[in-house]
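Biologist: I would like to learn how to read a few backbone and packing features in a model like this one. Could we go through them one at a time, with the general idea before each case?

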Amino acid sequence: MTASVTQISPSSPSSPRPFHHPQPESALHCGKVSLETLAKRHGTPLYVYSADQIVERLAIFQEALAGREHLVCYAVKANSALAILKLLASCGAGFDIVSGGELERVLAVAPEAAGRVVFSGAGKTLAEIDRALTAGILQFNVESEAELEVLAARAAKLKTKARFALRVNPDVFAETHPYISTGLREHKFGIDIRRALGIYKSVAGNRWLEPYGVSVHIGSQIRSAEPFGAAIERVSKLVRQLKREGIALQVVDAGGGLGIDYHAGHFDAAAKVREYAEAVENALEGFEGRLLIEPGRFLVAQAGALVARVLYVKRNGKKTFVITDAAMNDLIRPALYQAHHEIAPVRPRAGRPRIVDVVGPVCESGDFFARDRKLAPIEPGDLVAILDAGAYGMAQSSNYNTRPRPAEVLVEGSKARLIRRRETMADLLWPETFTVEG
Ligand code: LLP
């Protein structure tokens, strides 16, 4: 049980979230825009993101890495909204993609950013490889010898050279949810770091492959800087060995994974990033090339909230259920990872807090946003904001229970822009047919 009621006070410079009450009696705002106004205009459930915070978070990384040549490649999977990709591209970000679909998104909004794209993922198809080669992406993060062979063959066919990095698995343990931990030998990701040297050497003379970098990604929502340092130390050792063998890599890609604080309270994002950057930099010892990082969550999670309307409040035995119009299909993190998200009433009511479950209308007991949570009184018709939902929220949404996905709004200063309209029933039904071909 969470002991305290989520307190959202007027935002301060160190506030980790852009959501705040400008006056004690006013509705919750994103920057200068009231969530009540947005909910009226666009309906609920509604994703609301602060462009200002996304830009600010990117700048924090760029400043912390300023001491060396670097590129922040935003992990598109965290939130692939075109408007967010466009925003980040305009601030000089690169992109970490894991599918042909994500590549198309980047190319659609920022074709000039093709040369800032790294392509990760353990199962790239031939078509995806061809498209990425033709687009001229920066680097393929290769996850197996078999994939490297395929990459060489496709590059030869297209008469172009493929820059690659082996994604090594450093066998480093990172404290996080088991579903999002990736850096141990038992995981499906990457190539055992002990085998990497041999693989680089074996393709050294291949005219279609350029050994360009080495990459590593140990998992997601990692709160401490220490495992990142440990992983990069192992990578640096490999880079030095390769150099002695005459293979000079230009890039170390440290992956993503830096975690945020999903709980209420003080969280100094800039200090966290500085600590992370220092751990990585210290571990790079003597490497003079370019550093790539692939943050997703840290850039967009706290910038976003899922705004929902309360449909019913009902009691079953000792329990009180607050039933919202948002559900697990809109935000699956609590159901999938037992993830904690703070829930803030948009217009808090006075009165004694109550212990409630906040749930959606989907027919599964796993359809909850909070269990046994102490919240200020809530009545049907009230709006609530489920916080820190900017990463892996809309990106992991579905149409389960034939529920149209939410609309999305991007707030910039005092302006709010609808960046994705709410799905209609027609959108959901059009790919299907029920007639029998004669
Ligand atoms: N690079 C690679 C190769 C990755 O696999 C990932 C995330 C990232 C970068 C970005 O990691 P981040 O900075 O966002 O932690 N759905 C889960 C998270 C899955 C992460 C998958 N890989 C969640 O909602 O917590």
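Biologist: Where is Tyr392 placed?

Modeller: Tyr392 sits in the loop between strand E19 (383–386) and E20, and, since this is a predicted model, what follows describes a prediction. Tyr392 has a positive phi of about 55 degrees, although it is not a glycine.

Biologist: Is Tyr392 buried or exposed?

Modeller: Burial is read from relative accessible area, and a residue under 20% counts as buried. Tyr392, with a relative accessible area of 14%, is therefore buried.

Biologist: Which other residue that is not a glycine has a positive phi, of about 50 degrees?

Modeller: That is Lys159, with a positive phi of about 50 degrees, and Lys159 lies in the loop between helix H6 (145–157) and strand E9 (162–169). On the accessibility scale, exposed means over 50%, so Lys159, at 66% relative accessibility, counts as exposed.

Biologist: Returning to E20, how many of its 6 residues are buried?

Modeller: In strand E20 (residues 407–412), 5 of the 6 residues are buried, so the strand is largely enclosed by the rest of the structure.

Biologist: Which strands pair with E20, and in what sense, parallel or antiparallel?

Modeller: To read pairing, one looks for bridges between two strands, and at least two are needed. Strand E4 (residues 46–50) pairs with E20 in the parallel sense over 5 bridges, and within that pairing Tyr49 has Leu410 of E20 as its bridge partner. Strand E21 (residues 415–420) is joined to E20 by 5 bridges and runs antiparallel to it, with Val409 standing opposite Leu418 in E21.

Biologist: What does the backbone do in the hairpin of E20 and E21?

Modeller: There are 2 residues between the strands of this hairpin, and Gly413 takes a positive phi near 60 degrees there.

Biologist: Which residues is His42 in contact with, leaving aside its neighbours within four places in sequence?

Modeller: A contact is read from the distance between heavy atoms, with a cut-off of 4.5 Å. With those sequence neighbours left aside, His42 is in contact with Val409, Leu418 and Arg422, and two of these partners, Val409 and Leu418, are the residues that stand opposite each other in the E20 and E21 pairing. His42 itself lies in helix H1 (residues 35–42) and, at 18% relative accessibility, counts as buried.

Biologist: Which peptide bond is cis?

Modeller: For this one reads omega, and the bond from Thr44 to Pro45 is cis, with omega near -5 degrees. Pro45 is placed in the loop between H1 and E4.

Key. Residues numbered from 1 in each chain as written. Predicted model: local features only at pLDDT ≥ 70, side-chain atom pairs only at ≥ 80, totals over all residues. Heavy atoms only, no water. Helix = DSSP H or I, 4+ residues; strand = E, 2+ residues; numbered from the N terminus. Buried < 20%, exposed > 50% of the residue type's maximum accessible area, 1.4 Å probe, protein only.
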